[in-house]
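User: I am new to this structure and would like to learn how to read it step by step. Could you show me the general idea behind each feature and then the case at hand?

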Amino acid sequence: MLINIFKKNYPLQLLLLVLVPLVLWIPAFVNPPELFRTIFDMPLYDLVYSWAYGLNTMASICAFVIVVLQALFLNYMMTRNHLCQKTTFFPAFLYIILMSCNVQTMTFSAVLFANLCLIIALHFFFKCHDKNEGIDEIFQSSFFLALASLFYAPYVLFIFWMWGGLIVYKLYKWRSWGMSILGLLTPFLLLAVFYYLKDIPVEAELFENAEKWIDINLEFLNVPLQVVYMILLVLFMIPAIGNTLSSRSNRIIEYRKKSGVMVSMFVVSLFPFFLSKIYPNMSFIFAIPLSFFLCNLFMNQSKEKHANTFLLIFVLCCIAKVYMSL
């Protein structure tokens, strides 16, 4: 039933897009969590944190709005770039579910804002697929990637996603690659100049917790619900990626290129995910590509009954994860 709604019934899609997120976020609205902090937080998030500190209710409401807007923008990109059918809000629905799996993170967090920048970076990168060099788009994409890194440090690793995307697009000219590096460095250089003028040590602001960034910590295994959620994600993730890869050969060139970019993003996201594994919002990191893969998996299933069952299990697991952790 759910799959059929997201294929054909536009009004019911909008209803689900409102009701299910509200069910997930009610605990956060009733008892707002404190603003989320990690050792990877960077100066841009420190600004947000200092501004919103103590305003927990406002932060949860704003975080909910930001997640919904991110989901709608991501859905718009998927439909505009022919990665899913134009009449569906399924990618948006999946993204909201993935971003609403823990009450602790239903507030401002560095990854929340980093994902916003990453979605914008993806938007610009998609635009250079049919360009000879795509200089402007690559610079804009890497610039927003740098902004994402200035919210959450591990996102700097997504530069490898961009380089993987350049290979997928067959943009081998040195100007394209050089512009990706220039775009990435520009915000950091501007920030360094600002710190210099303010006589603030750059290393103290940017690398305060650097020695802890690669610590091996398996504390998340002590939380049964988190382990079950991750196992379920992996069980969906493997066939979802396999479905996308197996269907690429029958699609148009644009789809093959852009789906290849999403595969590259997912592969690279595993590295910041590994660094962030002790945090309950670690699944946020691959929410963007995984929304695309899961959309393909559920929409392309020939046996709709099975697809509906799997989707329902996934949604109920997320709801249980939220309410059982209260």
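User: Let me begin with the whole chain: what percentage of the 326 residues in the chain do buried residues make up?

Analyst: Please keep in mind that this is a predicted model. Burial is judged by relative accessible area, and a residue counts as buried when that value is under 20%. Buried residues make up 54% of the 326 residues in this chain. As for the surface, the chain exposes about 14900 Å², and carbon and sulfur atoms supply 69% of that area.

User: How many helices and how many strands are there in the chain?

Analyst: The chain has 14 helices and zero strands, so that, read from the N terminus on, every entry in the run of elements is an α. How these elements are brought together can be read from the contacts: among those between residues at least 6 apart in sequence, 80% join residues at least 24 apart.

User: How should I read the side of a helix, and which residues of helix α3 are buried?

Analyst: An α-helix has 3.6 residues a turn, so residues three or four places apart point the same way. In helix α3, which covers residues 43-52, the buried residues are Pro43, Tyr45, Val48, Tyr49 and Ala52. After α3 comes Gly54, whose phi is positive, near 90°.

User: Which residues other than glycine have a positive phi, for instance near 60°?

Analyst: One of them is Lys170, with a phi near 60°; Lys170 lies in the loop between α8 (159-168) and α9 (174-197). With a relative accessible area of 61%, Lys170 counts as exposed, because the cut-off for that word is over 50%. His82 is not a glycine either and has a positive phi of about 60°, and its place is the loop between α4 (56-80) and α5. The relative accessible area of His82 is 38%, so His82 is called partly exposed.

User: Let me turn to single residues inside a helix. Is Ser149 buried or exposed, and what does Ser149 touch?

Analyst: Ser149 is found in helix α7, which covers residues 135-149, and its relative accessibility is 1%, so Ser149 counts as buried. Not counting residues up to four places away in sequence, Ser149 touches Met42, Tyr155, Val156 and Phe188. With Val156 there is also a polar pair to look at, in which a polar atom of the Ser149 side chain lies 3.1 Å from the backbone nitrogen of Val156.

User: Where is Ser141, and which residues is Ser141 in contact with?

Analyst: Ser141 also has its place in helix α7, and at 0% relative accessibility Ser141 counts as buried. Leaving aside neighbours within four places in sequence, Ser141 is in contact with Ala121, Phe124, Phe125, Trp161 and Met162. Take Met162 as an example of how sequence and space are read together: Ser141 and Met162 are 21 residues apart in sequence, while their C-alpha atoms are 8.5 Å apart in space.

User: How do I read a helix pair, and at roughly what angle do the axes of α8 and helix α12 cross?

Analyst: For a pair of helices one reads the distance between the axes, the angle and then the residues in contact. The axes of α8 and helix α12 (residues 253-275) come within 8 Å and cross at roughly 155°. An angle over 145 degrees counts as roughly antiparallel, so that is how α8 lies to α12. The contact is made by Phe160, Trp161, Gly164, Gly165 and Val168 of α8 together with Lys257, Gly260, Val261, Ser264, Met265 and Val268 of α12. In this pair α8 passes α12 in a right-handed crossing.

User: What is the handedness of the crossing of α12 and α13?

Analyst: The axes of α12 and α13 come within 8 Å and cross at roughly 125°, which means that α12 is oblique to α13. The crossing of α12 and α13 is left-handed. Residues that make the contact include Tyr255, Met262 and Phe266 of α12 and Ile288, Phe292 and Asn296 of α13.

User: How does α5 pass α13?

Analyst: Helix α5 (residues 90-98) and helix α13 (residues 287-299) have axes that come within 9 Å and cross at roughly 125°, and therefore α5 is oblique to α13. Here α5 passes α13 in a right-handed crossing. Among the residues that make the contact are Phe90, Leu94 and Leu98 of α5, and Ile288, Leu294 and Phe298 of α13.

Methods:
Residues numbered from 1 in each chain as written. Predicted model: local features only at pLDDT ≥ 70, side-chain atom pairs only at ≥ 80, totals over all residues. Heavy atoms only, no water. Helix = DSSP H or I, 4+ residues; strand = E, 2+ residues; numbered from the N terminus. Buried < 20%, exposed > 50% of the residue type's maximum accessible area, 1.4 Å probe, protein only. Contact = heavy atoms within 4.5 Å. Areas by Shrake-Rupley, 256 points an atom, 1.4 Å probe, with all protein chains shown as cover. Polar contact = N/O pair within 3.5 Å; in protein donor to acceptor, adjacent residues only side chain to side chain. Axes fitted to C-alpha atoms, helices over the stretch in contact; angles between N-to-C directions. Parallel < 35°, antiparallel > 145°, perpendicular 65-115°, else oblique. Left-handed = near helix turned anticlockwise from the far one by under 90°.
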